[in-house]
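Work through the following exercises with the sequence and the 3D view side by side, and try each task before reading its solution.

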Amino acid sequence: MAESIARVVVQSGLLPPQRISTAIRSNPDRGLGFKSLGILVYGLNNDVVDASDVIIFSVKPQVAKNVVLQLRPLLSKKKLLVSIAAGIKLKDLEEWAGHGQFIRVMPNIPSAAGMAASVMSLGGSATEQDGELVGKLFGSVGKIWKADEKLFQS
């Protein structure tokens, strides 16, 4: 999902590839698609967090808690945290990160074609400006709506 979103964001012209970075840990071949777009690929999540103001957690739900807990010392309140991990609730993300500047976004598979239908919910400390920024980012890959998290399927 992350590569699909990054591809469409770059193709839309919203962000140049030099402003996007990712970390590939489990399978180095996964980084080839990002590199082909001109996106910087790190070996460690810490490097991405250090280099970024907006961090999108695009991880498997079963590892989300461990990833957030490992990165917690680096997740200052100056960084906007966005999760696209399915089924992971804002209250859990906020608890693990130690603050509530999280936005949860649920994109769908048509993101790869720039035709997504996504919904977002703002965490306790996320501002309307944060929501506008994430809305613009995910709006480049399709439609996005804001909703109360209790309306999310999972």
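Helices, in these exercises, are DSSP runs of at least four residues, and they are numbered from the N terminus. The model shown is a predicted one.

**Exercise 1. A pair within one helix**

Task: Find the side chain that meets R7 in a salt bridge, and explain how the two residues are placed in helix 1.

Solution: Begin with the partner, which is E3, the nitrogen and oxygen of the bridge being 2.8 Å apart. Next, consider the positions along the chain: R7 and E3 are four residues apart in helix 1, so about one helical turn separates them. In general, an α-helix has 3.6 residues a turn, so residues three or four places apart point the same way. Finally, look at the surroundings of R7, which has a relative accessible area of 27% and is therefore partly exposed, since this class lies between 20% and 50%.

**Exercise 2. The two sides of helix 5**

Task: Decide which residues of helix 5 are buried and which exposed residues lie on the face turned away from them.

Solution: First mark the buried residues of helix 5, which spans residues 90-97; they are L90, L93, E94, W96 and A97. Looking down the axis of helix 5, one finds these buried residues within an arc of 165°, so they line one face of the helix. Then turn to the face directed away from this buried side, where the exposed residues K91 and E95 are carried. The value for K91 is 56% relative accessibility, and because exposed means over 50%, K91 belongs to that class. K91 also forms a salt bridge with D92, with 3.5 Å between the closest N and O atoms, and D92 is partly exposed at 23% relative accessibility. As a last step, ask what covers the buried residues: the cover includes helix 4 (61-71), strand 4 (80-83), strand 5 (102-106) and strand 6 (116-122). Just after helix 5 comes G98, which has a positive phi, near 90°.

**Exercise 3. Two helices in contact**

Task: Describe how helix 4 and helix 5 are arranged, and sort the residues of their contact by class.

Solution: Two packed helices are described by the angle between their axes and the distance between the axes. For helix 4 and helix 5, the axes come within 8 Å and cross at roughly 30°. The contact itself is made by A64, K65, V68 and L69 on the side of helix 4, and by L93, W96 and A97 on the side of helix 5. Sorted by class, these residues comprise six nonpolar, no polar and one charged.

**Exercise 4. The nonpolar cores**

Task: Name the residues with the most contacts inside the largest nonpolar core, and work out which elements supply that core.

Solution: The largest nonpolar core has 22 residues, and those with the most contacts inside it are I39, I103, V105, V134, F138 and V141. Two or more residues are given to this core by each of helix 1 (2-12), strand 4, strand 5, strand 6 and helix 6 (128-139), and the largest share, five residues, comes from helix 1. Another core, of 16 residues, lies apart from this one and has I55, L71, I88 and W96 among its members.

**Exercise 5. A bridge between distant parts of the chain**

Task: Explain which parts of the chain are tied together by the salt bridge of E149 with R104, and say whether the two residues are buried or exposed.

Solution: Start from the bridge, in which the closest N and O atoms of E149 and R104 are 2.7 Å apart. E149 lies in the segment after strand 7 (142-146) and R104 in strand 5, so the pair ties together parts that are 45 residues apart in sequence. As for accessibility, E149 and R104 are both buried. In total, the structure holds four salt bridges.

**Exercise 6. A buried residue in a loop**

Task: Locate L75, decide whether L75 is buried or exposed, and list what L75 touches.

Solution: L75 is placed in the loop between helix 4 and strand 4. Its relative accessibility is 3%, and because buried means under 20%, L75 counts as buried. Leaving out residues up to four places away in sequence, L75 touches V49, F57, V68, L81, A97 and H99.

Key:
Residues numbered from 1 in each chain as written. Predicted model: local features only at pLDDT ≥ 70, side-chain atom pairs only at ≥ 80, totals over all residues. Heavy atoms only, no water. Buried < 20%, exposed > 50% of the residue type's maximum accessible area, 1.4 Å probe, protein only. Arc of directions from axis to C-beta. Contact = heavy atoms within 4.5 Å. Core = buried A, V, L, I, M, F, W, Y, C linked by side-chain atoms within 4.5 Å. Axes fitted to C-alpha atoms, helices over the stretch in contact; angles between N-to-C directions. Nonpolar A, V, L, I, M, F, W, Y, C, P; charged D, E, K, R; others polar.
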